[in-house]
Every structure is written in structure tokens, then in C-alpha cells.
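Biologist: I am new to this structure and would like a careful look at one part of it, the strands. Please tell me how they are paired, how far they are covered, and where the backbone does something worth noting.

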Amino acid sequence: LGGRYFLFQYVSLTESIYESPAHWMYQDAAYRAKASANKGYFTEALTFKFLKRIFGDGYVFQNLDLFDGSKKVGEIDVYVSFGEIGIVFQCKSQKLTAASRSGNLVRIQKDFQLAIQEAYDQCRTCFNSLKNENIVAKDAAGNVVDLERPERVFPITVISDHYPALSIQVQQFLKTDSTEGFENPLCVDLFTLDVISE
């Protein structure tokens with residue numbers, strides 16, 4: 001009608017604007033690895049920004065490597081050190097594949113493993129390391145970061161894309177390994193984290 005369009009579901013357009021460029025970049029084989037790395041960095045950087053809204057600069061750290069002597073034993077994407085509480089964020093840019101969206105259970109479980117389970121397992125490894133007094137944390141520049149050893153750690157996994165039915169799949173598929181001081185996980189996407197941090 002005169003070059004005008006009627007859009008009855010606005011969310012579909014905004015979702016496409018957010019997700020389509022990633023699909024286009026994935027088609028470029030030479031750029032694919034770089035695009036994936038940039039998406040991972042974007043997820044970490046935005047998570048870091050959201051958390052600084054709440055806790056401020058002095059309590060939030062990005063890209064911490066954990067060392068036992070010269071051996072690297074863990075990696076934390078974003079960490080909040082707040083008194084006796086530590087919050088470990090592991091960020092993933094893995095998304096649901098087309099097969100998952102169409103209901104393929106095998107593919108759903110595989111995507112969940114890559115997007116959520118691996119991130120949760122990384123949180124658990126970092127918890128074990130943070131409880132060890134011999135472990136040293138260093139930032140991306142290699143500087144030692146003096147962290148207060150937490151009594152309680154909250155694991156949070158963050159994914160970059162909207163993930164339909166995430167909370168249901170967490171109940172269904174996530175294999176947890178809770179212990180004293182390691183709390184139940186929260187699994188969210190960036191959009192949910194943005195709303196929470198607001």
C-alpha cells in the first residue's frame with residue numbers, strides 16, 4: 001500500500017535485526033572464526049557493563065584467569081566480589097540451531113550442552129579454585145588481582161541470544177553439582193540480565 005507495510009508483531013522484526021547479521025557473517029568462511037570470537041567478547045563486555053550498574057567498578061572484574069603456580073586451572077568471564085559472596089558469570093554465544101527450534105530433541109540437548117551445561121561446569125571448576133588459598137587470579141594483562149575468598153558462590157550462565165523455554169530446559173537437562181557454599185545456578189540471556197540490572 002503505497003510502499004508502506006503493516007507490522008502486527010513488532011518483536012519478530014527486532015529479533016530479526018538482532019540475529020540476522022550473525023547468520024550473514026557465518027556464511028563468510030574466512031570471517032566465521034573472528035565473528036564468533038567477537039560475539040563472545042560482546043556477550044562478556046555487555047555482562048560486565050550491566051553488573052557495574054549494580055555493584056560499581058571496584059567489585060566487578062572481567063576476564064580473570066586462575067593459576068595454580070604456572071598452571072592455568074580456570075577462567076572467569078565476569079566476576080563479582082562482594083564481601084563474603086562471589087558471583088561467577090560464564091558467558092556463551094552459542095545459540096539454538098534451526099533443528100532445535102523445529103523440535104529435534106537430540107539437537108536441543110546438544111545445543112543445551114554447549115550453551116548452558118558447559119558454562120555451569122566452568123562455574124563449578126572456578127568455585128573449586130576460588131576456595132583454594134594457593135590459587136592466584138590474574139586479569140587479561142597478567143596483573144595479579146587480589147580477590148577476597150568467598151564463602152558463598154552464585155553461578156550464573158549468560159547466553160547472547162534469546163533462548164525460548166530456557167527455564168524449562170534448565171529444569172529438564174541441567175546436571176547440577178551443588179555443595180555447601182556453591183549455590184543453585186541462574187541461567188539467563190543478555191536481555192533478561194539487562195532487565196534485572198535496570
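**The strands and their pairing**

Modeller: Asn-63 is a good place to start, because its relative accessibility of 22% makes it count as partly exposed (under 20% relative accessible area is buried, over 50% is exposed, and partly exposed lies in between, with a 1.4 Å probe and protein chains only). This is a predicted model, in which local features need pLDDT of at least 70 and side-chain atom pairs count only at pLDDT 80 or more, while totals for chains, interfaces and linings use all residues. Residues are numbered from 1 along each chain as its sequence is written, and side-chain values use heavy atoms, with hydrogens and water left out.

Asn-63 belongs to strand S1, which covers residues 60–68 (strands are DSSP runs of E with at least two residues, helices are runs of H or I with at least four, and both are numbered from the N terminus). The backbone of Asn-63 has a positive phi of about 55 degrees, although this residue is not a glycine. A positive phi, of about 65 degrees, is also found at Gly-83, which lies in the turn of the hairpin formed by S2 and S3, where 2 residues stand between the two strands.

From that hairpin we can follow the pairing onward. Strand S2 (residues 71–82) runs antiparallel to S3, and 5 bridges join them (two strands pair if DSSP finds at least two bridges between them). Within this pairing, Val-78 has Phe-89 in S3 as its bridge partner.

Strand S3, residues 85–92, also pairs with S6, here in the parallel sense and over 8 bridges. Two places help to locate this pairing on the model: Cys-91 has Val-158 in S6 as its bridge partner, and Val-88 stands opposite Pro-155, again in S6. S6 in turn pairs with S7 in the parallel sense, over 4 bridges, and there Ile-159 has Asp-189 in S7 as its bridge partner.

What about cover? In S3, 7 of the 8 residues are buried, so that strand is mostly covered. In S6, which spans residues 152–159, 6 of the 8 residues are buried, so this strand is largely enclosed by the rest of the structure.

Aromatic rings complete the view. A search of the whole structure finds 6 aromatic pairs (rings of Phe, Tyr and Trp, the last by its six-membered ring, pair if their centres lie within 6.5 Å; planes under 30 degrees apart are stacked, over 60 edge-to-face, and the rest tilted). One of them joins Phe-127 and Phe-182, and this pair is tilted because the planes stand at 40 degrees, with the ring centres 5.0 Å apart. This pair links distant parts of the chain, since Phe-127 is in helix H4 (residues 105–130) and Phe-182, 55 residues apart from it, is in the loop between helix H5 (166–173) and strand S7 (186–189). Phe-127 and Phe-182 are both buried. Elsewhere, Phe-55, Tyr-59 and Phe-82 form one aromatic cluster.
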